[in-house]
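Let's take a walk through this one together, a stop at a time. Have the sequence and the 3D view open as you read.

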Amino acid sequence: MSDAPQQYVITDEHGVMRVAGTRVMVDSVLAGWQEGQSPESIRESYPSLNLEQVYGAITFIIAHPNEIAAYVRKQDEVWAKFKAECDANPPPVVLRLRALQRSRELPTR
């Protein structure tokens, strides 16, 4: 029997915090918690989690406010950079959809 405490949050090889043993990002649990969702409600949104994992992730979030705040800032920067790259180099399907939208906005004669 191991005396080591259960680890509920891990950081993957990409620097993303995840609920241990799953692909669910801690960001998702955090967002639900900040929106006032109960742990049970958060668990319903992520069927791959059990209630213990949700409570464990929330406990980690509460116990490590500075680490979580730094992580959220880093994630915001990552997503802003990704959005900027996507806006600068949209995929062909996005270009086609934008052209279609513009053509529908032109006045008809």
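What follows is a short tour of some helices, charged pairs, rings and surface spots. Keep in mind that this is a predicted model.

Let's begin with helix H1, which spans residues 26-34. Which residues of H1 are buried? They are Val26, Val29, Leu30 and Gly32. These four cover an arc of only 165 degrees around the axis, so they sit on the same side of H1. And what covers them? The cover includes two strands, S1 (9-11) and S2 (17-19), along with helices H2 (39-45), H3 (51-63) and H4 (65-88). If you follow the chain just past the end of H1, you'll come to Gly36, which takes a positive phi of about 90 degrees.

One of those covering strands, S2, is home to Arg18. Is Arg18 buried or exposed? Its relative accessibility is 10%, and because buried means under 20%, Arg18 counts as buried. It has plenty of company, too: leaving out residues up to four places away in sequence, Arg18 touches Tyr8, Val9, Ile10, Asp12, Arg23, Val24, Met25 and Val26. You've already met Val26 as one of the buried residues of H1. Asp12 deserves a second look, since its side chain meets that of Arg18 in a salt bridge, 2.8 Å from N to O. Both partners of this bridge are buried.

Side chains of opposite charge can pair when their charged atoms come close. How many salt bridges are there in the model? The count comes to two. Besides the Arg18 bridge, Asp87 pairs with Lys83, and their closest N and O atoms are 2.7 Å apart. These two both belong to helix H4, where they lie four residues apart, about one turn of the helix. An α-helix has 3.6 residues a turn, so residues three or four places apart point the same way. While Arg18 and Asp12 are both buried, Asp87 is partly exposed, at 42% relative accessibility.

Stay on H4 for a moment, as there are rings to see. A pair of aromatic rings is described by the distance of the centres and the angle of the planes. The model has one aromatic pair by the rule used here. The rings of Trp79 and Phe82 have centres 5.7 Å apart and planes at 90 degrees, and because planes over 60 degrees apart count as edge-to-face, that is what this pair is called. Trp79 and Phe82 are three residues apart in H4, again about one turn of the helix. Trp79 counts as partly exposed at 49% relative accessibility, and so does Phe82 at 44%.

Another residue of H4 to find is Lys74. It is partly exposed, with a relative accessible area of 33%. Not counting residues up to four places away in sequence, Lys74 touches His14 and Gly15. Now look across to Leu51: it is 23 residues from Lys74 along the chain, and the C-alpha atoms of the two are separated by 27 Å.

Our last stop is on the surface. Val93, Leu97 and Leu100 form a nonpolar patch there, with about 250 Å² of accessible area together. Val93 is found in helix H5, which covers residues 92-105. With a relative accessible area of 42%, Val93 is partly exposed.

Note on methods. Residues numbered from 1 in each chain as written. Predicted model: local features only at pLDDT ≥ 70, side-chain atom pairs only at ≥ 80, totals over all residues. Heavy atoms only, no water. Patch = residues over 30% accessible without salt bridge, like charges linked within 9 Å, V, L, I, M, F, W, Y side chains within 5 Å. Areas by Shrake-Rupley, 256 points an atom, 1.4 Å probe, with all protein chains shown as cover. Salt bridge = Lys/Arg side-chain N within 4 Å of Asp/Glu carboxyl O. Buried < 20%, exposed > 50% of the residue type's maximum accessible area, 1.4 Å probe, protein only. Arc of directions from axis to C-beta. Contact = heavy atoms within 4.5 Å. Phe/Tyr/Trp six-rings, centres within 6.5 Å; stacked < 30°, edge-to-face > 60°.
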